[in-house]
Amino acid sequence: MAALLDKFGRPITDLRIAITDHCNYKCVYCRTGNEGALYRDLPIADYLRMAGVFAALGIKKVRLTGGEPLLRKGIVELVRDLAKLRSADGEPLELAITTNGHLLAEMAQPLKDAGLDRVTVSMDAVDRARFARITRVPNGYDNVLAGIRAAQRAGLEPVKVNCVLLRGFNEDQIIPFGKFAREQGVVLRFIEFMPLEEDRVWSPDVVVTLDEILNRMSEYLPLVEIPHARSETSRRYRFEDGLGEIGIIAPVSHPFCGHCSRIRVTSDGKIRTCLFSVWDHDLHAQMRRGATDAELEAFIREVVLHKEERHHIGEPDFVPASRTMVHIGG
């Protein structure tokens, strides 16, 4: 079968599926606090069927997201069934989850036993009081730290920790996070703040850029860049003494659209070809109409041909995405 390519010749190999729009955190940069879940969740079997169709088209990696995916009943069974799927080349899929980590301590081992390969934990402060202010959840920091350690014990390594930086909010956490990465043995990834929040307050002034992060971290210890694949979203660095790795995902200051290999499915079954898409493509509607797997494959191929060449963040003609990040499952 021909590879899944967009009209710019980019192979699409990574699929992200949001399996719920619900979340147990209300992070201040993500949710205004006035809205909860806006979109419905589908039966677990429907996400599994979608993943199987994408796998037949050559998808090699599936990442489960939310909302908060660990809230979803049946997630362990879903991972177990996903682990049985094979990509078009006959190889098992690489399976990962992005989570806030609040429920991870008790679920890490069952997920590993089911076939999960890796986990990424979203964590925007390494100070307990700051963490509580950001998430609006008391005592969350200790739960997340326990989850990270449980994931390490289960062998879900390397455990990655994602931190979204906002100026005037948590940029003073850069060096503390560098120390955290070294002490806890995690791969830390800073993410530039993108215009995907619910209350649409983004401006270029709040973005803490890749160059600034590197300069700030060098005040602590020197960094050495690590070669990485072109399709990787993260620029990778290790500390000069070899202990600890950080990555920086810089879609604002250093866009990587030209090598994008990703496609997304929302919790209600819509395909999104880019985080910043202004439209959705209703895959689940095709399923409700009784489409065969072959018809779903044809639909997906047609949608992928509409994948955007790049985003337009910061440009005069930028149009905000039709959904905010929390309702996409980035």
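This report walks through the core, one helix, a set of strands and the cysteines of the structure above, which is a predicted model.

**The nonpolar core**

Let us start inside. The largest nonpolar core has 91 residues, and L64, I75, M123, F180 and F190 are those with the most contacts within it. Helix α5 supplies the largest share of this core, seven residues. For a feel of the packing, take L64: leaving aside residues up to four places away in sequence, its contacts include I17, I19, P69, I75, L78 and V79. L82, A96, I97 and T98 are also touched by L64.

**Helix α6 and its surroundings**

F180, one of the core residues with the most contacts, sits in helix α6, which spans residues 174-184. Which residues of α6 are buried? They are I174, F177, G178, F180, A181, R182 and Q184. The cover over them includes the helices α5 (140-154) and α7 (210-218), together with the strands β5 (160-165), β6 (187-192), β8 (234-239) and β9 (245-249). Just after α6 comes G185, with a positive phi of about 70°.

The end of α6 also meets a residue of α5, namely Q152. The side chain of Q152 places a polar atom 2.7 Å from the backbone oxygen of Q184. Q152 is buried, at 17% relative accessible area. Beyond four places in sequence, Q152 touches E157, V159, Q184, G185 and V186.

**Strand β10 and its partners**

Strand β10 (residues 262-265) is covered on both faces: R262 and R264 are buried on one side, I263 and V265 on the other. β10 runs parallel to β1 (residues 14-18), joined by four bridges, and I263 is the bridge partner of L15. With β11 (residues 270-272), β10 runs antiparallel through two bridges; here V265 is paired with I271. β10 and β11 make a hairpin with four residues between them, and G269 in the turn has a positive phi of about 85°.

**The cysteines**

How many disulfides does the whole structure hold? A search finds zero. The table shows two cysteines with their nearest cysteine sulfur.

| Cysteine | Nearest cysteine sulfur | Distance |
|---|---|---|
| C23 | C27 | 6.5 Å |
| C260 | C274 | 6.8 Å |

C23 is in no disulfide, because its nearest cysteine sulfur is 6.5 Å away and a disulfide needs the two sulfur atoms within 2.5 Å. C260 is likewise in no disulfide. As for their surroundings, C23 counts as partly exposed because its relative accessibility is 30%, whereas C260 is buried at a relative accessible area of 16%.

Conventions: Residues numbered from 1 in each chain as written. Predicted model: local features only at pLDDT ≥ 70, side-chain atom pairs only at ≥ 80, totals over all residues. Heavy atoms only, no water. Buried < 20%, exposed > 50% of the residue type's maximum accessible area, 1.4 Å probe, protein only. Contact = heavy atoms within 4.5 Å. Core = buried A, V, L, I, M, F, W, Y, C linked by side-chain atoms within 4.5 Å. Polar contact = N/O pair within 3.5 Å; in protein donor to acceptor, adjacent residues only side chain to side chain. Pairing = 2+ DSSP bridges.
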